[in-house]
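The following exercises concern a predicted model. Please study the sequence and the structure before reading each solution.

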Amino acid sequence: MRAEDQKSQLHQQLIHADRLATIGQLAAGVAHELNEPLGSILGFAQLAKKCPELPSPAEQDIEKIVTASLYAREVIKKLMVFARQMPPRSTRVDLIQVVEDALYFLEAQCAKKDIEVVRELAPGMPEITADPAQLKQVLVNLVVNATQAMPHGGTLTVSTRSSGSSVFLDVKDTGIGMSKETLEKVFLPFFTTKDVNEGTGLGLAVVHGIVTSHGGSIDVESQVGQGTRFEIRLPLCGPEEAQTA
Ligand code: ADP
Ligand code: MG
């Protein structure tokens with residue numbers, strides 16, 4: 001019975017992985033098709049803004065077109081990362097440095113929202129082979145979610161540790177938490193419980209894409225009203241070796 005159980009679990013995981021891959025291909029196609037017309041919108045809007053004697057309301061409207069196009073371009077960039085159109089560019093990385101780099105931008109926002117940031121960074125961590133920019137993106141996405149889950153303040157804990165041939169990165173919050181139904185869908189692209197201008201539902205799909213393309217894995221546990229913890233495991237050796245190992 002246990003073997004049957006494991007088989008069905010594996011089957012579920014495969015279906016999930018397959019669906020993510022299909023959505024990934026679709027996303028890459030859509031992103032590619034949209035990139036071109038978007039480039040024209042942005043380019044011509046920028047040209048139009050340079051017209052002499054442009055009435056000021058028109059200038060303001062054009063400025064809005066430019067801003068919206070830039071935003072759309074960011075969404076497309078995330079889609080492409082998610083669809084793994086951007087393979088990781090690996091170097092030797094000090095994970096603690098990546099954490100500090102990411103928190104540098106986010107800490108001021110946390111302070112404004114009454115969120116205490118706690119670091120539990122194990123000393124003497126081994127370097128890993130990874131793409132530092134992508135790892136930073138992982139942290140930013142997780143921390144932004146955590147802060148959005150703590151609208152009335154709380155504690156954000158970021159911890160790192162190493163064990164065997166892996167390093168672990170945890171991001172924990174004392175926020176609103178998630179129901180079981182939400183928890184099952186968090187990594188699906190475009191799944192969001194937020195308002196249109198608060199979330200695209202791509203944050204965790206991007207995180208999932210980056211972590212798996214590094215040969216790592218991600219776990220999440222959450223209690224409604226208590227908080228959420230994401231645990232990321234990354235192999236020391238990096239993506240290429242992990243794939244051929
Ligand atoms: P977005 O943030 O744009 O909604 P994400 O992929 O980052 O998309 O997250 C998907 C959903 O997962 C969120 O809408 C939210 O419901 C849930 N979620 C993610 N992180 C947390 C968290 N730290 N606490 C509570 N809910 C979360
Ligand atoms: Mg998010």
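**Exercise 1.** Which residue has a side-chain N or O atom 2.8 Å from a nitrogen atom of ligand 1? Determine whether the pair is a polar contact, and list further pairs of this kind.

*Solution.*
Step 1. The residue is Asp 173, whose side chain supplies the N or O atom at 2.8 Å from the ligand nitrogen.
Step 2. A polar contact requires N or O atoms within 3.5 Å, so the pair qualifies.
Step 3. The side chain of Thr 192 places an N or O atom 2.5 Å from an oxygen atom of ligand 1.
Step 4. Leu 204 takes part through its backbone, with an N or O atom 2.8 Å from an oxygen atom of ligand 1.

**Exercise 2.** Describe the surroundings of ligand 1.

*Solution.*
Step 1. On its own, ligand 1 has 540 Å² of accessible area, of which the protein covers 95%.
Step 2. Two or more residues of the shell come from each of helix H4 (132-148), helix H6 (203-213) and strand S7 (227-235).
Step 3. The shell comprises 20 residues, and the closest are Asn 145, Thr 192, Thr 193, Lys 194 and Leu 204.
Step 4. Sorted by class, eight residues of the shell are nonpolar, ten are polar and two are charged.

**Exercise 3.** Is Leu 26 buried or exposed? State where this residue lies and which patch it belongs to.

*Solution.*
Step 1. Leu 26 is part of helix H1, which spans residues 2-49.
Step 2. Its relative accessibility is 58%, and exposed means over 50%.
Step 3. Leu 26 therefore counts as exposed.
Step 4. Together with Val 30 and Leu 34, Leu 26 forms a nonpolar surface patch with about 270 Å² of accessible area in total.

Notes
Residues numbered from 1 in each chain as written. Chains lettered and ligands numbered in written order. Predicted model: local features only at pLDDT ≥ 70, side-chain atom pairs only at ≥ 80, totals over all residues. Heavy atoms only, no water. Patch = residues over 30% accessible without salt bridge, like charges linked within 9 Å, V, L, I, M, F, W, Y side chains within 5 Å. Areas by Shrake-Rupley, 256 points an atom, 1.4 Å probe, with all protein chains shown as cover. Salt bridge = Lys/Arg side-chain N within 4 Å of Asp/Glu carboxyl O. Helix = DSSP H or I, 4+ residues; strand = E, 2+ residues; numbered from the N terminus. Buried < 20%, exposed > 50% of the residue type's maximum accessible area, 1.4 Å probe, protein only. Near = heavy atom within 4 Å. Polar contact = N/O pair within 3.5 Å; in protein donor to acceptor, adjacent residues only side chain to side chain. Nonpolar A, V, L, I, M, F, W, Y, C, P; charged D, E, K, R; others polar.
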